[in-house]
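Visitor: I am new to this structure and would like to know the reasons behind the words people use for it. Could you walk me through them?

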Amino acid sequence: MDTEEIAIDPVCGMKVKVATAKNTTQHDGHTYYFCNPKCLVKFTGDPGKYLKPQPAEALPPPAPPGTIFTCPMHPEVRQVGPGSCPQCGMALEPAEITLDQGPNEELVDTTRRLWIGGALAVPVVALDMGGHLFGLHAGSTTNWIEMLFATPVVLWAGWPFFVRGVQSVRRWALNMFTLIALGTGTAWLYSIVATIKGEPSVYFESAALIIVLTLLGQVLELRARDATSGAIRGLLGLAPKTALRLDAHGRDEEVAIDTIAVGNLLRVRPGEKVPVDGILTEGSGSVDESTITGEAMPAMKEAGDKVIAGTVNQSGSFVMKAEKVGADTMLARIVKLVSEAQRSRAPIQRLADQVAGWFVPLVVASALLAAAAWTLWGPAPHFTHALLAAVSVLIIACPCALGLATPMSIMVGVGRGAALGILIRNAEALERLEKVDTLVIDKTGTLTVGRPEIAEVTGGMETIRLAASLERGSEHPIARAILAFAQDRKLAVAPVGDFKSHAGRGVSGTVEGKRLLLGNARLLTDNGVDLGTFSRPVMLAIDGKLAGTIRFDDPIKETTAAALADLRKDGLRIVMLTGDNRHTADAVAKQLDIDEFEAEVLPEDKAKTVQRLKAEGRIVAMAGDGINDAPALAAADVGIAMGTGTDVAIESAGITLVKGDLAAIVRARRLSRATMANIRQNLFFAFIYNAAGVPIAAGVLYPVMGLLLSPIVAAAAMALSSVSVIGNALRLRKSAI
């Protein structure tokens, strides 16, 4: 007998062996044990939620008033409140997933109908099977009893199917519910008439079981669809409910997360989540960013480093200043992007849409032809065989699997990408990425760290002082490096007037009555400055004459070389574009074995280069992080923005790499391939299922093998087809990327 001490995980309720527990925490003097790290993180984020569960009556409503619902197969369908899709008849679901969202109304109602309908169908099947197996059929009396039990199954449990079927005919948007309503309605009505007339053959058991099996398929499908929202719920669960804010006297006060304002000072202790995006002002900590960036190793954070909301401080304690709160945090933006992307449509979906347009009318025609063939050439009883064949064809030909094949894979693939730190703006970008054969890459902030440091200065500290005066309001990496250098040496900067930014070239302005130009050779020569043969990355001209130069070092990211090697192995052509001078570009290109590059490229020229490559027949992805990369990101077949870059770049891109690491492009390509392969598997299965199922249901094997498909078997196959498609899509959550 096991005598080891057992504890209960307060989050999920599972039993945990105290002696071997790896995930524990202290709260109010008590030790709590958890079955896995995820439960530990949930508990530390809001212990009160799990120690004092809400009473049942305090649970949130199924959906707040005004909630927008949409169809997973037709995202263009949007309405206030739940309902069914006017095109496919599927249950609508909330467009935005929230943690306080109550139970799925459709799932609750369908489950209730399944249990009650299943219970009523049992005696119908028992009576029918008893008659066939044991000769217990009691003639018309049994038929009347079967009708008594089967009628509420068909008319109550199956009522939503008939409503949607009628709506599909009214709108002439025929769908799976059209077929279910026709098939079960025909079998039930025929059986009613036969019972009244005293005919011995009735099909109440077929009508009832078809309804029950269809309800079972709907329940399994709705549960699986709920599972595709797990990625968003997981992201939403990362945000803590409260934070410790420092008041005017430096004392900690616990406040709700939505009361934090930009500029507030917040304390983050070991084991706590970072409440908002911000920058460390004092202390240090080892922060687990895996939930946001996909990077397994914790990052050491010190004063001056940035932290992201939802990440976990594993050790150390620090004070941070809030920089982005509410909807502006990286976590909130990720949730928004993932939600929108999961509802977007991939171009491959058009194939399924085209097939669905004529599929149902063709199935109805096939059912009528099958009925006619059995009536004319089938064995006796002719009408019975004709009815069974027609009903089987109508039931087995479910177009739902075909419609779900693409959107379910997209939803799971986008969610998987978010867990890996790969944000996909829309399904089209995900589909195109696997076809990309050329990758155009910006240098600064993409290949390199993006934090240049001054390595050499000519013209003395006056060059730095004037340059810092000119750049004091800029957020450009070079400007930040100049300002940091000046601050370290306590140089007094002066006010600037007539400031102007020259995209891709530099800046100009007036400082202490002197007209200054600070930038590359193109800026200075365009303004009449004679450089002779002299050229440096950044040069300062005073009143039209060269006065000093600045050389910078910007180290290459540790993962860049390995990532480029993997991309080359994958068959990608690599092209580097940079606004820096040719000398710097050449040095970086040699270090990274990049054969193709262009230097001193203006933002509009980057976009032109992308368009030129596309004109050559290349499928181009552009990776960059700055404002100057935005035109090229928008022009590319797939724009890839570094999450560490500017908002403009991120908004212009189809894919964002949260960590800003090129290695994520390799993972994104694998994800694209896995998702598209999954979609093709689903479509193949759906096409083959219907191509084979309809003829078999019509009775094509009967002359050869004597096989005639029962409507009940057809209903089971129909229900399982949709579930199998969704199950295959859910495999993406565990696939190797």
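Visitor: What lies over the face of tryptophan 156?

Guide: Welcome! This is a predicted model, and in it arginine 113 lies over that face of tryptophan 156, at 4.9 Å from the ring centre. The distance part of the rule asks for CZ of Arg within 6 Å of the ring centre, and 4.9 Å satisfies it.

Visitor: Which charged end sits over the ring of phenylalanine 485?

Guide: That of arginine 489, 3.5 Å from the ring centre. Here too the value is within the 6 Å limit.

Visitor: Why is the pair of tryptophan 374 and tyrosine 702 called edge-to-face?

Guide: There is 1 aromatic pair in the structure, and this is the pair in question: the centres are 5.0 Å apart and the planes make 65°. Centres must lie within 6.5 Å to count as a pair, and planes over 60 degrees apart count as edge-to-face, so both values fit the name.

Visitor: What makes this pair a tie between parts apart in sequence?

Guide: Tryptophan 374 belongs to helix H11 (residues 349-377) and tyrosine 702 to helix H24 (residues 702-705), so the pair ties together parts 328 residues apart in sequence.

Visitor: Are the two partners buried or partly exposed?

Guide: Tryptophan 374 has a relative accessible area of 6%. Buried means under 20%, so tryptophan 374 is buried. Tyrosine 702 comes to 30%, which lies between 20% and 50%, so tyrosine 702 counts as partly exposed.

Visitor: How do you know that threonine 311 is buried?

Guide: Its relative accessible area is 0%, and that is under 20%, so the word applies. Threonine 311 sits in the loop between strand S14 (306-307) and strand S15 (312-315). Leaving out residues up to four places away in sequence, threonine 311 touches Glu272, Lys273, Val274, Val287, Asp288, Glu289 and Ile292.

Visitor: Why is arginine 164 called buried?

Guide: Arginine 164 has 9% relative accessibility, under the 20% limit, so it counts as buried. Its place is in helix H5 (residues 159-170). Among the residues it touches, not counting those up to four places away in sequence, are Ser84, Glu106, Phe177 and Gln218.

Visitor: What makes isoleucine 192 buried?

Guide: A relative accessible area of 17%; this is under 20%, so isoleucine 192 is buried. You will find isoleucine 192 in helix H6 (residues 176-197). Apart from neighbours within four places in sequence, isoleucine 192 is in contact with Met147, Thr151 and Phe204. Isoleucine 192 and phenylalanine 204 are 12 residues apart in sequence and 8.4 Å apart in space, C-alpha to C-alpha.

Visitor: Why is glutamate 512 called partly exposed?

Guide: Glutamate 512 has 46% relative accessibility, a value between 20% and 50%, so partly exposed is the right term. Glutamate 512 lies in the loop between strand S21 (506-511) and strand S22 (514-519). Its phi is near 55°, a positive value in a residue other than glycine.

Visitor: What is the phi of aspartate 543?

Guide: Near 50°, again positive in a residue other than glycine. Aspartate 543 is in the loop between strand S23 (538-542) and strand S24 (545-553).

Visitor: How do helix H18 and helix H23 pack?

Guide: Helix H18 (residues 560-569) and helix H23 (residues 663-698) pack at an angle of about 30°, with axes 7 Å apart. H18 brings Ala563, Asp566 and Leu567 to the contact, and H23 brings Ala663, Ile665 and Val666. By class, that gives 5 nonpolar, no polar and 1 charged residues.

Visitor: Which residues have the most contacts inside the largest nonpolar core?

Guide: Leu439, Leu564, Ile640, Ile655 and Leu662, in a core of 77 residues. Not counting residues up to four places away in sequence, isoleucine 640 touches, among others, Leu433, Met622, Ile655 and Ile665. A second, separate core has 59 residues, including Phe162, Val212, Ala371 and Ala697.

Visitor: And what is the secondary structure of the whole chain?

Guide: The chain has 25 helices and 29 strands. Of its 737 residues, 51% count as buried.

Terms used: Residues numbered from 1 in each chain as written. Predicted model: local features only at pLDDT ≥ 70, side-chain atom pairs only at ≥ 80, totals over all residues. Heavy atoms only, no water. Phe/Tyr/Trp six-rings, centres within 6.5 Å; stacked < 30°, edge-to-face > 60°. Helix = DSSP H or I, 4+ residues; strand = E, 2+ residues; numbered from the N terminus. Buried < 20%, exposed > 50% of the residue type's maximum accessible area, 1.4 Å probe, protein only. Lys NZ or Arg CZ within 6 Å of the ring centre and 35° of its normal. Axes fitted to C-alpha atoms, helices over the stretch in contact; angles between N-to-C directions. Contact = heavy atoms within 4.5 Å. Nonpolar A, V, L, I, M, F, W, Y, C, P; charged D, E, K, R; others polar. Core = buried A, V, L, I, M, F, W, Y, C linked by side-chain atoms within 4.5 Å.
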